[in-house]
Amino acid sequence: MLSSILSKSDCAACKFCCSFRRQSLWETPIFFEEDIAKIKELYPDVKFREIEDSNNDKLKTLAAKSKVYTFDIYDKYKTNDSEEEAPCPFLDTQEGCKLPPELKPFDCKIWPLRVVKMPDSKISQSPELAIALTPTCPAINKVPFDKVQELAKNGLGKTILEYAESHPQMVKEYSDFLSKIVYLV
């Protein structure tokens, strides 16, 4: 989705988005119940854990109750260091993501963009959502910010927000980390 501004070779060489520090497990992508069986057929050894309703309880009640999961990589850490990284179980260090495109999580397709609930939003039928830039992506930091904004304004932002409205489990809380807003309706 971001191939017009991010080089596939830069992303393939980096793979930063495909490893997770203990302190950033909130960034692991979400998978929906309907895809888990298909993924388990392809990768029976990958463990998943259900994501509990937490910060976005009010948002989650707006969507049909569907269980959401993320992969379980707790046993991949070798220390208690919060900075230690563990790779995504679907990462092939030579080839990249092993998941077929139709099973690749939307979170991964749009990274380093994240949908956030703006802090002044009043949760009603439609919370005010925005698209924020994750500042830790080395490749996106080489792209002028106005190019990222332009891509969002030319349709990608609307596509992402429409998806988030029907899948509110992917919405993150606004924070200092996710404060660089790319697109706001």
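Which residue in β9 is the bridge partner of Val-116? In this predicted model, that partner is Ala-130, and the pairing belongs to a set of five bridges that join strand β8 (residues 113-117) to β9 in an antiparallel arrangement. Ala-130 is also paired with strand β11, where its bridge partner is Leu-184; β9 and β11 (residues 181-184) likewise run antiparallel and are joined by three bridges.

The surroundings of β9 can be described in terms of solvent accessibility. Because five of the five residues of this strand (residues 129-133) are buried, that is, under 20% relative accessible area, β9 is largely enclosed by the rest of the structure. In a regular strand, the side chains alternate between the two faces of the sheet. Both faces of β9 are covered, with Leu-129, Ile-131 and Leu-133 buried on one side and Ala-130 and Ala-132 buried on the other.

A separate analysis concerned the open space in the model. The largest pocket holds about 930 Å³ of space, and of the 39 residues that line it, Cys-11, Cys-17, Cys-97, Lys-104 and Cys-108 are the closest to its centre. The elements that give two or more residues to this lining are α1 (8-14), β7 (96-97) and α4 (106-110), and the greatest contribution is that of α1, which gives four residues. Sorted by class, the lining of the largest pocket comprises 27 nonpolar, four polar and eight charged residues, with cysteine counted among the nonpolar residues and lysine among the charged ones.

Conventions: Residues are numbered from 1 along each chain as its sequence is written. This is a predicted model: local features need pLDDT of at least 70, side-chain atom pairs count only at pLDDT 80 or more; totals for chains, interfaces and linings use all residues. Side-chain values use heavy atoms; hydrogens and water are left out. Buried means under 20% relative accessible area, exposed over 50%, partly exposed in between (1.4 Å probe, protein chains only). Two strands pair if DSSP finds at least two bridges between them. On a 1 Å grid over the protein atoms alone, a cavity is a set of points where a 1.4 Å probe fits but cannot get out, and a pocket is an open set with protein on both sides within 12 Å along at least five of seven lines; lining residues have an atom within 4 Å of a point. Grid points are joined across faces, edges and corners, and a volume is the space filled by probe spheres set on the points.
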